[in-house]
Amino acid sequence: MERGGNHSDDTNGSPRIGLALAGGGPEGAIYEIGALRALDEALDGLDFNNLYVYVGVSAGAFICANLANDLTTAQMCRAIVSSEPGEHPFVPETFLTPAVREMVRSGQAVPRLLVESLWEWVTHRRDLTLLESLTRLSEALPVGIFDNRPIRDYLQKIYTMKGRTDDFRELGKRFVVVAADLDSGQAVRFGEPGMDHIPISLAVAASSALPGLYSPVEIEGRHYADGVLLKTLHASVALEKGADLLICVNPIVPVDTLGTVEAGLMRRGKLLDRGLPSVLSQTFRTMIHSRLEIGMASYETKFKGADVVLLEPQRDDYLMFFTNIFSFSERRAVCEHAYKAVRRDLLARYDKLAPLFARHGVTLRRDVLEEERGLWDGVYGGRPGKAAATTASGTSGNSVTRRLDDALSRLDGLLDAEMGA
């Protein structure tokens, strides 16, 4: 999806290009890493570590925080390969640690609630049945089944080394993490004045706290939950800050099971057969995506001077819906799948997207998109040629810079390992 608009620059003449990333859990984060790597290779004149504004929700906040802290797309890809030395392993287990304390707390409340329920039934037998009185026991249900503390610990570790920061005010970049205030139902923008003193790692944990899966995160006496409860992308935050070109990535798309039987993924093509998790996932995805479509349409009139490019999986992208993200091999496969899917999408829309990007000083490289290459070729073996122009010696200056950046990133990672970082 893309929209056209007029191009304007900020005060120093640089294009105001922003990035908005939605959630989607560990699967969504890995999809976004692959998608961003494809964009990074195909777009000349765009540095994903130095954009005008970053806006992230849930898993998207995690990826934006990495980019704002100068982790490259190549580093994030390598982080999926947890066995690689010197990287910061990105493993789904970090996001899916059982909330043992929450479960214990809930269990300890059962005896008290049972006594109160029985007493209420005894004293109000004319008005309540025993079953109605026992509904009080629902208060003992855990508010989250996974612990989000490991998420914050992981981010704290990688943001407090080698010149990175866990402080919005020290980034020197516009970066907003959106969460929902649970008690008011209002959006809260961590990173903006008045909320920029909250550590980045804590803000990301709050934005990722999807009710039912993670307990709300308490910050200064308030409880916060996943920002996706209010909007899918919160792209308007970046547009309100003056972004002229906004790149949006949304992994949350409902699946269309029409071809699943032929693909050998399902026996009847009925999500009901896969039980409650699949039904809830499809319901959530459908609601989220429907809301996104409405929001994107509204930007056409509200932000007429901006260009918006949306990238997301196709509805028959079964790998994104039916994958076991705990599998090491499938994590690699999903990332490369997203990388290749975005490359195909960019090439298919080249005639529309190339002029749009050009208005903002960015070149969409058809030659790069037409190359036969895999994700890991570029991550470990250097990037394809990337330059809007060629130097007098015939060498692509931007390409050399990016290859050097990759080499330095790799060396940086090896030094991390040696120093015990």
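The lining of the largest pocket divides into 24 nonpolar, 10 polar and 4 charged residues. This pocket, found in a predicted model, has a volume of about 1200 Å³. Its lining comprises 38 residues, of which Gly24, Gly25, Glu27, Leu213 and Ser281 are the closest to the centre. Helices α1 (25-42), α2, α10 (276-302) and α11 (318-321), together with strands β6 (144-147) and β9 (212-214), each supply at least two residues of that lining. Helix α10 gives the most, with 6 residues.

The second largest pocket holds about 480 Å³ of space. Of its 19 lining residues, Asp147, Asn148, Ser215, Pro216 and Val217 are the closest to the centre. At least two lining residues come from each of α4 (100-123), β6, α6 (149-159), α8 (200-207) and β10, and the largest share, 4 residues, is that of α4. By class, the lining of the second largest pocket has 9 nonpolar, 3 polar and 7 charged residues. Strand β6 thus appears among the contributors to the largest pocket and among those to the second largest.

For the protein as a whole, the secondary structure comes to 16 helices and 14 strands. Of the 421 residues, 52% count as buried. The accessible surface amounts to about 18900 Å², and carbon and sulfur atoms account for 55% of that area. Among contacts with a separation of 6 or more, 74% are between residues 24 or more positions apart.

Strand β4 (residues 53-57) is largely enclosed by the rest of the structure, because 5 of its 5 residues are buried. In a regular strand the side chains alternate between the two faces of the sheet. In β4, Val53, Val55 and Val57 point one way, whereas Tyr54 and Gly56 point the other way, and all of these residues are buried. Strand β4 pairs in the parallel sense with β2 (residues 17-21) over 4 bridges, and within this pairing Leu21 has Gly56 as its bridge partner. A parallel pairing also links β4 to β7, over 5 bridges; here Val57 stands opposite Val178.

Strand β7 (residues 174-181) in turn pairs with β11 (residues 222-226) in the antiparallel sense, over 3 bridges. Within this pairing, Ala179 of β7 stands opposite Asp226 of β11. Strand β11 is also joined to β10 (residues 217-219) by 3 bridges, and these two strands run antiparallel. The bridge partner of Ile219 in β11 is Arg222. Strands β10 and β11 form a hairpin with 2 residues between them, and Glu220 in the turn has a positive phi of about 50°. Strand β10 of this hairpin supplies at least two residues of the lining of the second largest pocket, and Val217 is one of the residues closest to the centre of that pocket.

Helix α2 (residues 59-68) is mostly covered, with 10 of its 10 residues buried. The buried residues include Phe62, Ile63, Cys64 and Leu67, as well as the polar residue Asn66. Just after α2, Asp70 takes a positive phi of about 70°. Helix α2 also supplies at least two residues of the lining of the largest pocket.

Definitions and conventions:
Residues are numbered from 1 along each chain as its sequence is written. This is a predicted model: local features need pLDDT of at least 70, side-chain atom pairs count only at pLDDT 80 or more; totals for chains, interfaces and linings use all residues. Side-chain values use heavy atoms; hydrogens and water are left out. Two strands pair if DSSP finds at least two bridges between them. Buried means under 20% relative accessible area, exposed over 50%, partly exposed in between (1.4 Å probe, protein chains only). Contact means heavy atoms within 4.5 Å. Accessible areas come from the Shrake-Rupley method with a 1.4 Å probe; for residues, only the protein chains shown count as cover. On a 1 Å grid over the protein atoms alone, a cavity is a set of points where a 1.4 Å probe fits but cannot get out, and a pocket is an open set with protein on both sides within 12 Å along at least five of seven lines; lining residues have an atom within 4 Å of a point. Grid points are joined across faces, edges and corners, and a volume is the space filled by probe spheres set on the points.
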